[in-house]
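Me: I should like a close reading of one part of the structure shown below. Please take a single residue as the point of departure and work outwards from there.

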Amino acid sequence: MLAGLLMAGGIQKHAVGKATRPARQPFPEKGFWVTETSPDKKSTIVKYYAHSNHMVSEVAEPEVLDVRKLSVRKYLNEQLRKELEKDTTHGANIKLYEIR
């Protein structure tokens with residue numbers, strides 16, 4: 001019985017530790033980006049969106065980007081921020097969740 005209690009306490013502590021672990025995934029403050037590897041596998045197409053259905057721009061990066069790398073995600077988030085600053089229609093488009 002004592003072993004069962006100790007084991008349950010260890011599992012609960014382990015589960016709490018996972019929940020409080022900081023995420024390495026940097027999320028952009030606004031909008032999102034989508035990457036596609038080109039058919040020739042020598043470049044990456046990046047599409048930047050302001051919100052759920054408004055594409056701000058589409059850019060072809062000259063190399064294949066590995067979005068699993070933290071530095072690449074930070075780079076794409078910074079590029080998204082710059083593209084959103086250029087966008088002049090950000091207030092004109094309604095979001096899908098605001099449609100009744």
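Which residues does Leu76 touch, not counting residues up to four places away in sequence?

Reply: This is a predicted model, and the account that follows begins at the residue named. Setting aside residues up to four places away in sequence, Leu76 touches Trp33, Thr35, Val46, Tyr48, Leu65 and Val67.

Several of these partners recur in the largest nonpolar core. That core has 9 residues in all: Trp33, Val46, Tyr48, Ala50, Leu65, Val72, Leu76, Leu80 and Leu84. Both E2 and H2 supply at least two residues each to this core, and H2 gives the most, with 4 residues. Helix H2 covers residues 70-86, while strand E2 covers residues 44-51 and strand E1 residues 32-37.

The wider arrangement may be stated briefly. The protein contains 2 helices and 3 strands, which follow the pattern α-β-β-β-α when read along the sequence. Of its 100 residues, 24% count as buried. Among the contacts with a separation of 6 or more, 42% are accounted for by residues 24 or more positions apart. The exposed surface comes to about 8,000 Å², of which carbon and sulfur atoms supply 58%.

Strands E1 and E2 are also linked through side chains. The count of aromatic pairs comes to 1. The ring centres of Phe32 and Tyr49 lie 4.9 Å apart with the planes at 10°, so this pair is stacked; planes under 30 degrees apart count as such. Because Phe32 lies in strand E1 and Tyr49 in strand E2, the pair ties together parts that are 17 residues apart in sequence. Phe32 counts as partly exposed, at 34% relative accessibility, whereas Tyr49 is buried, with a relative accessible area of 18%.

A salt bridge joins these strands as well. The side chains of Glu36 and Lys47 meet at 3.4 Å, N to O. Since Glu36 belongs to strand E1 and Lys47 to strand E2, this pair ties together parts 11 residues apart in sequence. Glu36 is partly exposed at 34% relative accessibility, and Lys47 is buried at 18%.

The structure holds 5 salt bridges, and further examples lie elsewhere along the chain. Arg68 and Asp66 meet through their side chains at 2.9 Å, N to O. Arg68 is exposed, with a relative accessible area of 70%, and Asp66 is partly exposed at 27% relative accessibility.

Helix H2, which carries Leu76, has a salt bridge of its own. There the side chains of Glu83 and Lys86 meet at 3.5 Å, N to O. These two residues are 3 residues apart in helix H2, and are therefore separated by about one helical turn. Glu83 is buried at 12% relative accessibility, but Lys86 is exposed at 59%. In addition, salt bridges that share partners join Glu78, Arg81 and Glu85 into one network.

The loop between H1 and E1 also reaches residues of the core. Lys30 lies in that loop and is exposed, with a relative accessible area of 64%. Leaving aside neighbours within four places in sequence, Lys30 is nevertheless in contact with Leu80 and Leu84, both of which are members of the largest nonpolar core. Lys30 and Asn77 are 47 residues apart in sequence, yet their C-alpha atoms are 9.3 Å apart in space.

Confidence should be kept in view throughout. The protein averages a pLDDT of 75, and 61% of the residues score at least 70. Confidence is highest in E1, at a mean of 92, and lowest in helix H1 (residues 2-20), at a mean of 52. Over residues 12-22 the pLDDT stays under 50, and the model has 0 contacts for them beyond four places in sequence. Where pLDDT is low, the predicted coordinates should not be read in detail.

To return to the point of departure, Leu76 is one of the residues of the largest nonpolar core, and Trp33, Val46, Tyr48 and Leu65 are among the residues touched by Leu76.

Notes:
Residues are numbered from 1 along each chain as its sequence is written. This is a predicted model: local features need pLDDT of at least 70, side-chain atom pairs count only at pLDDT 80 or more; totals for chains, interfaces and linings use all residues. Side-chain values use heavy atoms; hydrogens and water are left out. A salt bridge is a side-chain nitrogen of Lys or Arg within 4 Å of a carboxyl oxygen of Asp or Glu. Buried means under 20% relative accessible area, exposed over 50%, partly exposed in between (1.4 Å probe, protein chains only). Rings of Phe, Tyr and Trp (its six-membered ring) pair if their centres lie within 6.5 Å; planes under 30 degrees apart count as stacked, over 60 as edge-to-face and the rest as tilted. A nonpolar core is a set of buried Ala, Val, Leu, Ile, Met, Phe, Trp, Tyr and Cys residues joined through side-chain atoms within 4.5 Å. Contact means heavy atoms within 4.5 Å. pLDDT is the predictor's confidence in each residue, from 0 to 100. Accessible areas come from the Shrake-Rupley method with a 1.4 Å probe; for residues, only the protein chains shown count as cover.
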